[in-house]
Amino acid sequence: MKPYLAAAVQMTSLPDLHKNLAQATDLIELAVRRGAELVCLPENFSFLGDESAKIEQAETIGLESEKFIKTMAQRFQITILGGGYPVPAEAGKVYNTALLVAPDGSELARYHKVHLFDVELPDGNIYHESGIVLAGSEIPPIYASPKYGNLGMSVCYDVRFPEFYRALSKAGADVLFVPAAFTAFTGKDHWQVLLQARAIENTTYVIAPAQTGFHNSRRQSHGHALIVDPWGVVLADASIEPGVAVAAIEPSRLDQVRQQMPCLNHRVFG
Ligand SMILES: O=C(O)CNC(=O)[C@H](CS)NC(=O)CCC(=O)C(=O)O
């Protein structure tokens, strides 16, 4: 594995599939122009809107999202993570699915979000993700990329469950993906801290693409797509406008930090 550039895309998705895919296309192109070979899209990149609209259009959104990820990967000859889009499951529900695709358009890894965001926030917003989403039940397999290292997937609210990432790092993860649509309310206090904690405790890179800004009159996302290194240093931060956070992923840095802070070797309780 040689050093390479990765990008965490930051966008403001709306309840409009085609507008979102157009925005994502521009941002992927920007990331590629900046040299990124591994480009990661946030949760809900292809659709962010009411649950009823999402469920009604789930089949189309699911198919179009996968077609889009594969087309972009081939067009730009990059590896793409499509973080979080609905794919019809059983019982009229969907899986919140993340997909990793190779430059030839082939599927490398797939993950169904395990932890669902059923939370009433003090700002009055009520989230009941399990109303339309069926929870996945498995920690995804690591994808061992010869060029980009051992890649581990997750989505958004998963970031609050350290045991999930410990399982990924025990399975050899070098890079953890946390594509998100974090709320502005929780994000201001929790987002960066949680991402740095996951990077530090697992001595891994964390790539966290994000939603930002207003999706409707009530719904605001935190932004700050980040790339964090294994020491916990923020290498790139997309701030609050749509854009990309680009940073180098370096195997020598992984080796160095794991020597300086060998905490993974000192585990006692699993
Ligand atoms: O609801 C939308 O349409 C966009 N958001 C999402 O799809 C998901 C599930 S509701 N959001 C999160 O998991 C936020 C977690 C979070 O913000 C936290 O853990 O604090």
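A crossing of two helices is called right-handed if the near helix is turned clockwise from the far one, and left-handed if the near helix is turned anticlockwise by less than a right angle. That term is needed below for helices H4 and H5. The model described here is predicted.

Start with the sheet. It is open and has 6 strands, with mixed pairing. Their order is S8-S9-S10-S11-S14-S15. Strand S8, residues 143-145, forms one edge. Strand S15, residues 234-237, forms the other. Each of these edge strands pairs on one side only. From one strand to the next, the twist averages 20°.

Two of the pairings show the mixture. Strand S10 (residues 175-177) and strand S11 (residues 205-208) run parallel. They are joined by 3 bridges. One bridge partner can be named here: Leu176 is matched with Val206 in S11. S14 and S15 run antiparallel, and 3 bridges join them too. Here Leu226 has Asp237 of S15 as its bridge partner. S14 and S15 form a hairpin with 5 residues between the strands. Within this hairpin, Gly232 takes a positive phi near 95°.

As a rule, side chains in a regular strand alternate between the two faces of the sheet.

Now turn to the helices. Helix H5 spans residues 184-202. It lies across S10, S11, strand S14 (226-228) and S15. Its direction makes an angle of about 25° with S14.

Helix H4, residues 162-170, packs against H5 in turn. The two axes come within 10 Å and cross at roughly 35°. The crossing is right-handed. From H4, the contact takes in Pro162, Tyr165, Arg166 and Ser169. From H5, it takes in Arg198, Glu201 and Asn202. By type, the residues of this contact divide into 2 nonpolar, 2 polar and 3 charged.

Last comes the ligand. Which residues are closest to the ligand? Among the 14 that surround it, the closest are Asn44, Lys113, Arg160, Thr186 and Arg219. Three of these can be followed down to single atoms. Arg160 places a polar side-chain atom 2.6 Å from an oxygen atom of the ligand. For Thr186, a polar side-chain atom lies 2.7 Å from a ligand oxygen atom. For Lys113, the distance from a polar side-chain atom to an oxygen atom of the ligand is 2.9 Å. Thr186 also ties the ligand site to the helices, since its number falls within the 184-202 range of H5.

How values were computed
Residues are numbered from 1 along each chain as its sequence is written. This is a predicted model: local features need pLDDT of at least 70, side-chain atom pairs count only at pLDDT 80 or more; totals for chains, interfaces and linings use all residues. Side-chain values use heavy atoms; hydrogens and water are left out. Two strands pair if DSSP finds at least two bridges between them. Helices (H or I, at least four residues) and strands (E, at least two) are DSSP runs, numbered from the N terminus. Axes are lines fitted to C-alpha atoms, for helices over the stretch in contact, and angles run from 0 to 180 degrees between N-to-C directions. Contact means heavy atoms within 4.5 Å. Ala, Val, Leu, Ile, Met, Phe, Trp, Tyr, Cys and Pro count as nonpolar, Asp, Glu, Lys and Arg as charged, and the others, Gly among them, as polar. A residue is near a molecule or strand if one of its heavy atoms lies within 4 Å of it. A polar contact is a pair of N or O atoms within 3.5 Å; within protein, one must be able to donate a hydrogen and the other to accept it, and residues adjacent in sequence count only if both atoms are side-chain atoms.
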